[in-house]
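Thanks for coming, everyone. Let me put the structure up, and then we will walk through it piece by piece.

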Amino acid sequence: MKKILISLLTSYNIKCLKMCYESIKNQNSKNLNYSIIIVVNTLNENYFLEVKNTFKDCEIIRTESNGSPGKGKNSLINLFKERTEFDYLIPLDGDDILYPCALNRLEIYMQYKPDILMLPFTDLISKEYPNTVQHVGINNKLYLRFNNYLDMRSQWYRDKQSPFELNINNVNTPARLFLLSRKGLDINLYYDENMKWYDDFITFLQIFEACIIHKTYNIFMLDDKDIYLYNRINEESASDRYNIDNEKKKINEEINFRKSIYNRY
């Protein structure tokens, strides 16, 4: 049976981390073999001790932090590289939450031997819910598509705007990495460690490039909004803490993004 590493990345907010951890422990699926590791990426020593004292039955690792979300996410990739006993990685943020049926749905997708599964950033609850945030409830529908160049490209350009044509602050990352196989490590995915808001756009572009050029990987973008909630109910998430209306931050994000793609795409 394939072994899955579910890594929880946390920098603050023990309350959200507890809910995320419980959502994984309370999965309906009993067929997948998985382990949970909490990765603490914080500059706050007290928070690390709080996590350590709260989750005494779970393996906890502290990694070097520079206050950037990208550095923490890269630590999850590096952890997967080191833990060769695992076949797949599910990288979660500590303020996400899995639906009870998430691993049941993953079982179905696993029959396609995916190297990468990506999910849209559309399922989010915030303080405005339910009036201004779209939320899709749990149902029995399953979708698997966008597994080739044309579909993935057409989806991106139909629903998203290109950062090569517009300022980075006028677009958003089309999808989020949800599952990574050991073969998928060959793509050398990384997150930008200098950016505060668009650290994962580079990761998406790498996966998009692999889907277009290499075509040796099984890459799927799932139209399945019933696997997890992104940011769950976290008004202190990076999305909220980083004030995108601040003009100086906008400029810095644009500069850092252009540096990261210079002479690459």
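Let's begin with a term: buried means under 20% relative accessible area, exposed means over 50%, and partly exposed lies in between, using a 1.4 Å probe and protein chains only. Two notes on the source. This is a predicted model, where local features need pLDDT of at least 70, side-chain atom pairs count only at pLDDT 80 or more, and totals for chains, interfaces and linings use all residues. Residues are numbered from 1 along each chain as its sequence is written, and side-chain values use heavy atoms, with hydrogens and water left out.

Now to strand E4, residues 88-93. Strands here are DSSP runs of E, at least two residues, and helices are runs of H or I, at least four residues, numbered from the N terminus. How many of the six residues of E4 are buried? Six of the six, so call the strand mostly covered by the definition of buried. In a regular strand the side chains alternate between the two faces of the sheet. In E4, Tyr88, Ile90 and Leu92 point one way. Leu89, Pro91 and Asp93 point the other way.

Which strands pair with E4? Two strands pair if DSSP finds at least two bridges between them. E1 joins E4 through six bridges, and the two run parallel. One of the bridge partners is Asp93 in E4, which goes with Leu9. E7 joins E4 as well, over two bridges, in the antiparallel sense. There, Leu89 stands opposite Leu180 of E7.

Step back to the whole sheet. It is open, has seven strands, and mixes its pairing. The order reads E3-E2-E1-E4-E7-E6-E8. The edges are E3 (59-62) and E8 (219-221), each pairing on one side only. On average, neighbouring strands are turned by 20° against each other, direction ignored. For angles, axes are lines fitted to C-alpha atoms, for helices over the stretch in contact, and values run from 0 to 180 degrees between N-to-C directions.

At the E3 edge, strand E2 (residues 33-40) runs parallel to E3, with four bridges between them. Val40 has Arg62 of E3 as its bridge partner. Helix H2, residues 45-54, packs on this sheet. H2 touches E1 (3-10), E2 and E3, and its direction makes about 170° with that of E3. Contact, by the way, means heavy atoms within 4.5 Å.

Toward E8, look for helix H6, residues 201-214. H6 lies across E6 (116-119), E7 (176-181) and E8, running at about 120° to E8.

Next, helix pairs. Two packed helices are described by the angle between their axes and the distance between the axes. Take H6 and H8 (residues 247-261): the angle is about 30°, and the axes are 11 Å apart. That makes H6 roughly parallel to H8. The cut-offs: under 35 degrees is roughly parallel, over 145 roughly antiparallel, 65 to 115 roughly perpendicular, and the rest oblique. The crossing of H6 and H8 is right-handed. A crossing is right-handed if the near helix is turned clockwise from the far one by less than a right angle, and left-handed if anticlockwise. Who meets whom? Phe201, Ile202 and Leu205 of H6 meet Phe257, Ser260 and Ile261 of H8. That contact has five nonpolar residues, one polar and no charged. Nonpolar covers Ala, Val, Leu, Ile, Met, Phe, Trp, Tyr, Cys and Pro; charged covers Asp, Glu, Lys and Arg; the others, Gly among them, are polar.

The other pair is H1 (residues 14-25) and H2, whose axes come within 11 Å and cross at roughly 35°. This crossing is right-handed. Ile14, Leu17 and Lys18 of H1 touch Tyr47, Glu50, Val51 and Thr54 of H2. The split here is four nonpolar, one polar and two charged.

Finally, some single residues. Lys73 lies in helix H3. Is Lys73 buried or exposed? Buried, with a relative accessible area of 15%. Leaving aside neighbours within four places in sequence, Lys73 contacts Leu9, Asp93, Tyr191 and Asp199. So Lys73 is buried, and two of the residues just named, Leu9 and Asp93, are the bridge partners from E1 and E4.

Asn263 sits in the segment after H8. Asn263 is exposed, with a relative accessible area of 70%.
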